[in-house]
Protein chains: 2
Amino acid sequence: MILALAGGVGGAKLVCGLAGLLPAEELTVVVNTGDDFGHCGLHISPDIDTVMYTLADRNNPQTGWGLAGETWNAFGALERLGGPAWFQLGDQDLATHLQRTQLLAAGATLSEATQALCLAFGLSHFIAPMSDQTVRTIVHTSEGALEFQHYFVRRRCEPELRRVEFCGAESAGPSPAFLAALCAPVLDAVVICPSNPYLSIAPILGLSGVREKIKALAVPLVVVSPIIGGQAVKGPTAKIMRELGCEPSSLEVARFYSDIADGIVIDECDQTLAHDIEALGLAVHVVPTLMRSRNDQLQLAQSTLNFASTLRQGSSSSASQ
Amino acid sequence: MILALAGGVGGAKLVCGLAGLLPAEELTVVVNTGDDFGHCGLHISPDIDTVMYTLADRNNPQTGWGLAGETWNAFGALERLGGPAWFQLGDQDLATHLQRTQLLAAGATLSEATQALCLAFGLSHFIAPMSDQTVRTIVHTSEGALEFQHYFVRRRCEPELRRVEFCGAESAGPSPAFLAALCAPVLDAVVICPSNPYLSIAPILGLSGVREKIKALAVPLVVVSPIIGGQAVKGPTAKIMRELGCEPSSLEVARFYSDIADGIVIDECDQTLAHDIEALGLAVHVVPTLMRSRNDQLQLAQSTLNFASTLRQGSSSSASQ
């Protein structure tokens, strides 16, 4: 069984590849909920929705969020009423948030609400939120502290990032499915998908007890780097790395995960970094990592699993010595 | 200055007529909020919206609720996700609820949120909620206690009504605009619009101190009967009256209001009831009360104001004796 940790668009693509290779019972997908927020009374879980819509092949590849073929009648009317226009929600997308909000109001946990939505979207693979408790990512910037969506959407990541805080993380435990995967005797590997390490994966690792449980695992943890040739495929990862004082590169990604990762998958164009990454104690696997097509997703997922299985043999043999 | 108390469709029509005759500063419209409810995280104020949409000439005359020319993309998608389909909200209508909800979440009172929405809809006459505190109409029926919208929309008023309860009314005070009108030296009359007495007007009268303040007024209170020829123009008023053990008629409407009303406007077809109503101590004004057109609204509003002014002279002369 594979445990995949994911954030937004890049993570969703690799999750799609993994779900194409593995039956539902052999894949646990855990998604960042630090970006969740309340907007006009609705509970919005942007990363869960990105992964869910991508798995359902309903995502909008142009925007990287929301559903394909959307209409904008409700938020168009809201804007005409003088309502908040900085965070746009399409009409069909709104239905997801309305349903999630009413399930939560009726007493469902976020895990239960997410499972119901996955079923409604016809998914065979379930997605679990990282936690059923509230964690809120606060970005401390040159303009002061900003709630994540205000930083990410309203301010388009323009303010210089200084520090990221995950409010509530230390008292929030992993969701039941996440905890079950971390403790599963059948767990074969943990895959950290190519998501933003600082904003998408760090909140997952920051949950109460999670980093310790991951460190204690006997199975390999493999990271797929979100940086290709010093650039992020999408999103502000490279900009953030520069603002945090480190060069955007897979070497710095490896350094970020060096206390928990056994190996990292990097792109062919970053092959020259392999030696320095290995010096950090991580195995390196070099393949094309840009996912332009469904086939790219499947191939990267397959080579990541293959890479993990070689590490597993290594780590289990070292564990048995 | 006129204070009008209103509920849904019938009340909204007379409010429209009054607003066509009176400048904004001479009309205070107070609307029932006992029907308000939370749905999928949104704060919905059905009666306020009916009055607001009618005043803005944006109402849907076919349904009696919502906006004309609606689209249904969000709630169509919600239904496909297995969400609650019994309470439908159009896409543009949704924008009203999203905006109200976010204004309330940002700390606005319901009065302030309503005023902002009235402005956004281009109204010159403001509508005030009856209260800024929560009052919830619970309908005790043959099927047990039902929240108002569950009784009214989901169960289409089918269960037999036994008793109506206004939870929170005794501790909820009138909204600032309502209180100001009740205390205004320039108040000339109170008009109870042709709304359901038991479900739309009773919650307003049931607010803390309101019935006492209305009884103490020196100005006349005039009711426009919602019953014409033993029938309600719209809605369950006649059915409810039978279930409460009284004949649906303007006589029973007069009896319901007899402790506070000085006069009642009844339809021509109910002229034979005038003598019995006068025996209750109410003056009677007989005119056509069915409002099919904008002109009907203006005419009924004008004859109601004229009727009230005759009572005012009477009551002020009797008060001075």
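Q: Which residues of α8(A) are buried?
A: In α8(A), the buried ones are A:P197, A:Y198, A:L199, A:S200, A:I201, A:P203 and A:I204. Buried means that 20 or more other C-beta atoms, placed from the backbone, lie within 10 Å of the residue's own. Helices are DSSP runs of H or I with at least four residues, strands are runs of E with at least two, and both are numbered from the N terminus.

Q: Why is helix α8 of chain A largely enclosed?
A: Helix α8 of chain A covers residues 197–205, and 7 of its 9 residues are buried, so the rest of the structure largely encloses it.

Q: What kind of model is this, and how is it numbered?
A: This is a predicted model, where local features need pLDDT of at least 70, side-chain atom pairs count only at pLDDT 80 or more, and totals for chains, interfaces and linings use all residues. Residues are numbered from 1 along each chain as its sequence is written, while chains are lettered from A and ligands numbered from 1 in the order in which they are written.

Q: How many residues make the contact?
A: Chain A gives 25 residues and chain B gives 25 residues. Two residues are in contact if their C-beta atoms, placed from the backbone, lie within 7 Å.

Q: Which element gives the largest share on the side of chain A?
A: That is α4(A), with 10 residues.

Q: What rotation superposes chain A on chain B?
A: A rotation of 180 degrees with 0.0 Å of shift along its axis, at RMSD 0.0 Å. The superposition is by least squares on C-alpha atoms of residues with pLDDT of at least 70 in both copies.

Q: Which C-alpha of chain A is nearest the axis?
A: That of A:G41, 2.5 Å from the axis.

How values were computed:
A residue is buried if 20 or more other C-beta atoms lie within 10 Å of its own, exposed if 12 or fewer, and partly exposed in between; C-beta atoms are placed from the backbone.
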